[in-house]
Number of protein chains: 2
Amino acid sequence: MSDPAWRTPPVRRAAKPRLSQELIVRTGLDVLLAEGLDAVSMRRVAQALETGPASLYAHVATKDELVELMLDRVLEDVPLPAPDPERWRDQVKELFRAQLGAMHAHPGIARVAWQVMVPVGPNALRHGEAVLSLLRAGGFTLKQAAYAGDALSLYTKAFAYEGSMWSTGEVDPEDVAKRGRQMTEYMDSLPAGAFANMTRTGEFFNAGTAGERFEFGLDMLLGGLAAMMGADR
Amino acid sequence: MSDPAWRTPPVRRAAKPRLSQELIVRTGLDVLLAEGLDAVSMRRVAQALETGPASLYAHVATKDELVELMLDRVLEDVPLPAPDPERWRDQVKELFRAQLGAMHAHPGIARVAWQVMVPVGPNALRHGEAVLSLLRAGGFTLKQAAYAGDALSLYTKAFAYEGSMWSTGEVDPEDVAKRGRQMTEYMDSLPAGAFANMTRTGEFFNAGTAGERFEFGLDMLLGGLAAMMGADR
DNA sequence: TCAGTGGACGAACAGTGTTCGTAACACGAA
DNA sequence: TTCGTGTTACGAACACTGTTCGTCCACTGA
C-alpha cells in the first residue's frame, strides 16, 4: 500500500555518514583499488560518498592533498625493522621490498609518490628515519646514509611506478602489443645489427621476472654501497 | 599615409608557416623551455603557432604523442660512446651523465619520460642499445646487461625527475619553505630522538650537492654490478 | 532563544583534450 | 583552365576536471 500523498518523505541527509578526512581518504583508496588512479577525481570520490565534489573541500584543501593523504595511508601498514647492525643489508632489502609490495597492492599509488613534491606525511617521515637508522647501524656516515637512502628510495619508487603501469589495468594490452610491433618493425627496418642487443631482451621483461629484477637492482645498489665501506658486507 | 579604404588587406594565412609535426614539436619545446611542462597544452602550443588547437591534430594524434615526440627530440643530441671494454664503467657513467644533462636542460621533460609507457622513439631505442652494448663490452651476459640497464635507466630518470622539480620553477619556493617548516615542526613535536637522523640530513640536499649525489648513486649501482662479476672493475 | 561558526553542497567558472563538420588549399588529370 | 579528390586548417562544441562562491543547515555556547 502506497503512502498517503501528504506524507513527507524522510530526510535523505540523515542516512549518510558525516564526512571526515579519514572517510574521504578511505573512499579515495576504494576508488583507486576498484578503478585505478585516473578515476580518483573529486567528482568520483564525492559520488561514491553520495555528495557533491564541493563538499570534500571542507576536509581536504585540494585534490593533491587528498592523494597525498592516500599515499601516506598506504605507507602506514609497511613494517619497519628495528636496526640490527649484523643484518643491516637484509633489513634494508626487507624494508624496500615491503614498500614495493604496498605500492603494488594499490594500483596507481606509485604515481602519487611521484606527484608529491616531498612526502612529509607522518608515515613517509617514519620511513625515511627507518632507512637512515638501518644504514647508520651498518656503519655508514650520516651523509652516506642520506645519499644512499635517497638513491634506494628513488630506485624503489621508480621500479614501483614502472611495474604498476603493467599490472594495474592502466595500460591497455592492445596498446602494449601495438607498441611492441611498432618497435620491432622499426628495428627490423634498419640494417641488420643496428639493434643487435635490444631485439633480444624482450624475454627478460615480463611480470614473471619482476621480483628478480627488483632484487638485482637492490643488489647493485647495496653491493656498491658495501664496496664503498671497503668491507665485504 | 594610410591605405585607401578600398584596399583589400593581405591574406592573413599566407604569412604563417605551413604546419608540420617537426614545427609543432619544436614549438612545444620552446613553450617547455619558456614556461615549463604544465604550460604545454594543445591550446598554448597552437597559440604560439597562431592557430587553433584543432589544427595540431592533423600532425600529432594526441597530446601524449606530442610530448613523446618532444622527449625523443631531446634525446637526439645526447652523445653515445662507442664501447671500449677497458672503460665500460666510465662510459656508462658518461652516457647517463649526458642523459641527465639533457633532461635538466629541458625543464619538465623528465616528467614526460615517466608519462610515456615505453619510449619507442628512435633515439630512445638508440640509447637502450648503447647501454646494452657498453655493458656487453664490459663482459656481462645479455640478461645482466638488460637488468642493469633497466636499473640504471630507472635511477637516472628518477633522479632527473626529482632534480627537475627543484630547478625548473615548477616548484614554488614559498611552498618549499612552508613544507620544510611543517616537517620540522612535526618532527620537533615528537619525543626527542624520534627523528634523530632525519632532522640532520637537510644540509645534504640542495642544488649544490646534486652532482655528488647522482655520482654516488651511479657508483652504488656500478660498484655493485662489478662486484657481481667477482671482479674489481 | 539567539548569535556565531563550521560543514554541506549546488551552481558556476576556467581550463583541458578532443571530435565533428565545414572551408580552404594543393595537386593531378582532362 | 577547370574539375575532382584528398589533405590540411580550424571554429564550435562537447565532456571532463579542479575549484570558488554563496546559501542553507546544524550545532554549540552564552
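**Exercise 1. Which residues of chain A have pLDDT under 50, and how many contacts beyond four places in sequence does the model have for them?**

Solution. Keep in mind that this is a predicted model.
- Step 1: look at the start of chain A, where pLDDT stays under 50 over residues 1-14.
- Step 2: look for partners of residues 1-14; the model has zero contacts for them beyond four places in sequence.
- Step 3: decide how to treat the stretch. Where pLDDT is low, the predicted coordinates should not be read in detail.
- Step 4: now zoom out. Chain A has a mean pLDDT of 86, and 88% of its residues reach 70 or more. The model as a whole scores ipTM 0.87 and pTM 0.88.

**Exercise 2. Find the annotated regions of chain A and describe their secondary structure.**

Solution.
- Step 1: the unreviewed UniProt entry lists "domain: HTH tetR-type" for residues 18-78 of chain A. Here the chain is 64% helix and 0% strand, with its end C-alpha atoms 29 Å apart.
- Step 2: the UniProt annotation "DNA-binding region", also from an unreviewed entry, covers residues 41-60 of chain A. Over residues 41-60 we get 55% helix and 0% strand, and the end C-alpha atoms are 13 Å apart.

**Exercise 3. Work out what surrounds DNA strand C.**

Solution.
- Step 1: count the neighbours. There are 20 residues around strand C, and the closest are A:T51, A:G52, A:A54, B:S41 and B:K63.
- Step 2: assign elements. Those giving two or more residues are α3 (53-56) of chain A, plus α2 (42-48) and α3 (63-75) of chain B. The largest share, three residues, belongs to α2(B).
- Step 3: sort by class, and you find seven nonpolar, six polar and seven charged residues.

**Exercise 4. Describe how α5 and α10 of chain A pack.**

Solution.
- Step 1: get the geometry. Helix α5 (residues 88-104) and helix α10 (residues 210-228) pack at about 145°, with axes 11 Å apart. Their crossing is right-handed.
- Step 2: list who touches whom. From α5(A) come A:R89, A:V92, A:K93, A:F96 and A:L100; from α10(A) come A:F214, A:L218, A:L222 and A:A226.
- Step 3: classify them, which gives seven nonpolar, no polar and two charged residues.

**Exercise 5. Take apart the contact between chains A and B.**

Solution.
- Step 1: each side first. Chain B gives 48 residues and chain A gives 48.
- Step 2: on the chain B side, the elements giving two or more residues are α6 (122-137), α7 (142-167), α8 (173-188) and α9 (210-228). The top contributor is α7(B), with 15 residues.
- Step 3: that side of chain B splits into 30 nonpolar, eight polar and ten charged residues.

Key:
Residues numbered from 1 in each chain as written. Chains lettered and ligands numbered in written order. Predicted model: local features only at pLDDT ≥ 70, side-chain atom pairs only at ≥ 80, totals over all residues. UniProt positions renumbered as here; feature names shortened; annotations may be inferred. Helix = DSSP H or I, 4+ residues; strand = E, 2+ residues; numbered from the N terminus. pLDDT = per-residue confidence, 0-100. Contact = placed C-beta atoms within 7 Å. Axes fitted to C-alpha atoms, helices over the stretch in contact; angles between N-to-C directions. Left-handed = near helix turned anticlockwise from the far one by under 90°. Nonpolar A, V, L, I, M, F, W, Y, C, P; charged D, E, K, R; others polar. Near = placed C-beta within 6 Å.
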